[in-house]
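Please look at the sequence and the structure below before reading on. The report then goes through the chain as a whole and some of its details.

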Amino acid sequence: MYCFNEEEYQKRMEWYVNARFGMFLHWGLYAIPARGEWMRSFEKLTDEEYQRYFDEFNPTDYDPKKWAHMAKQAGMKYMVLTAKHHDGFCLFDSQYTDFKSTNTRCGRDLVREYVDAVRGEGLKVGLYYSLLDWHHEDYPHFSDSAHPMYQNPDYPDEGRVWERYLEYMHNQVRELCTNYGKIDILWFDYSFGEYSGEKWGATKLVNMVRTLQPGVIIDNRLEVSGSGLGSLASGNPLPYHGDFVSPEQIIPQEGIRDVNGKPLIWEACFTMNDSWGYRLTDKYFKPASMLIKKLVECVSKGGNMLLNVGPDAKGNFPEESVHILQEIGKWMDKNSESIYGCGMSEMPRPDFGRITQKGNLLYYHIFDNTIGPIPLLGIEKKDVKKIRLISSGAEVPIANNWVSNNYPDITFADLGNNPILPDPVDTVLEVELQHQK
Ligand code: GLC
């Protein structure tokens, strides 16, 4: 019988919950066609047709130190790279396949360079590993609707031995957990239909992973996908329960709770533009100002944000991504105290923005200036020890004038008369309470 150890779990999750902000990286052969990481499936390319990208792959500009540096400057605390995506191409030197970066013109173990660089920046190291595999000959072709050869009579499932694929998959995960030092996050992707849990040999897999990497954090996609919560939410965790819920391309409305109403640890992953893998024509980038507010939103609901970048075929980040990361970094430089180690607040959500909280410190994120002073609902004047603008440390007084005094039950902060906020994207007030609320 599996016995969930709450204490061990909380200990394992501590850095991750404090970190709040990470970078997702989708990168592989599909950066060459530049039509997203699902292109082989969408365009129903055979292995032979996809091979041309393998033959060509040579990311001469790949410099993961630069990547890690950009992530760090943006205020991110961890990175997660696609060691293998659904197309089956491995960015690492696996002994179980020829379909790997070391066999391409580039000849490098890209995962090795990545883990070194990420650690070098003092960030936590995450690896994404696709449970699906469109390249492996034992992975069902005909019957998996995502497979490029789905219902193609030339690619029947007969003779494909599932156990052989499982062994391959487990072997590769063992390599990732053995050959690259300490791995902080393993991000499996994804379960669907009957392909879930024990179909992946999940108990055995997770036991192996936890033996090799005792502190590793595992997502919930051995059980579910971007939708679904996983067994931790059911109150009856399975041996391969995910450590966090992984909503995708959405921020949950109220955070995420288990059946008993207890907040769960989650991480919203989403794209910076509209694609995970590099897509030449996708210019739908979310403005930095929006992403800053979304990060605050995640934290205010008790979650992490994993923001994706899809580097191009040469190994460079799209220019737009570079710019956005810099902008986020500028804001984080001044305001990250309101992100790291912070979480949900019990205070009511204000009209003008959101609140994040760390102990007796409440961070009021002002997205829209108010007319008149800033109401701090739920707080009495006598509860307030001090109020500061966190960007400058400047004192912000409690309002005491004829406007605010019309509402004696409300505590207002007085930011002065300028209708333009000190930071028009998100001005953060730190309200220190006498005692934690
Ligand atoms: C989906 C997609 C995949 C992407 C993942 C990120 O599961 O299949 O391409 O890697 O989302 O969460």
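What follows describes a predicted model, beginning with the whole chain and ending with single residues.

## The chain as a whole

The chain contains 9 helices and 13 strands. Its C-alpha trace spans about 80 × 50 × 40 Å along the principal axes. For 437 residues, a compact globule would have a radius of gyration near 22 Å; the value for this chain is 24 Å, so the two agree.

Of the 437 residues, 56% count as buried. The accessible surface of the chain is about 18700 Å², and carbon and sulfur atoms make up 49% of it. Among contacts with a separation of 6 or more, 70% are between residues 24 or more positions apart.

## Around the ligand

Which residues come nearest to the ligand? They are H26, E37, H85, H86 and E248, out of 14 residues around the ligand. Sorted by class, this shell has 7 nonpolar, 3 polar and 4 charged residues.

Some side chains place an N or O atom at a short listed distance from a ligand oxygen. For E37 the distance is 2.6 Å. For a polar side-chain atom of W38 the distance is 3.0 Å, and for an N or O atom in the side chain of D189 it is 3.1 Å. The ligand taken alone exposes 310 Å², and the protein buries 93% of that area.

## N308 and its surroundings

N308 is part of strand β7, which covers residues 303–309. Is this residue buried or exposed? N308 has a relative accessible area of 1%. The cut-off for buried is under 20%, so N308 counts as buried.

The side chain of N308 takes part in two polar contacts described here. One joins N308 to the side chain of H26 at 2.8 Å. H26 is also one of the residues that come nearest to the ligand. The other runs from the side chain of N308 to the backbone oxygen of W276, at 2.8 Å.

Leaving aside residues up to four places away in sequence, N308 touches F24, L25, H26, F270, T271, M272, S275 and W276. Of the residues in that list, F24 and L25 fall in strand β1 (21–25), while F270 and T271 fall in strand β6 (266–271).

## Backbone details

The peptide bond between D189 and Y190 is cis, with omega about -10°. Y190 is found in the loop that runs between β4 (185–189) and α7 (202–212). D189, on the other side of this bond, also has the side-chain atom that is 3.1 Å from an oxygen atom of the ligand.

Two residues that are not glycine have a positive phi. R20 has a phi of about 65° and sits in the loop between α1 (6–19) and β1 (21–25). Its relative accessibility is 4%, so R20 counts as buried.

The other residue is Q249, with a phi of about 55°. Q249 is placed in the loop between β5 (217–218) and β6 (266–271). How does its accessibility class read: buried, partly exposed or exposed? At 38% relative accessibility, Q249 counts as partly exposed.

Notes: Residues numbered from 1 in each chain as written. Heavy atoms only, no water. Helix = DSSP H or I, 4+ residues; strand = E, 2+ residues; numbered from the N terminus. Buried < 20%, exposed > 50% of the residue type's maximum accessible area, 1.4 Å probe, protein only. Near = heavy atom within 4 Å. Polar contact = N/O pair within 3.5 Å; in protein donor to acceptor, adjacent residues only side chain to side chain. Areas by Shrake-Rupley, 256 points an atom, 1.4 Å probe, with all protein chains shown as cover. Nonpolar A, V, L, I, M, F, W, Y, C, P; charged D, E, K, R; others polar. Rg over C-alpha atoms; globule rule 2.2 N^0.38 Å. Contact = heavy atoms within 4.5 Å.
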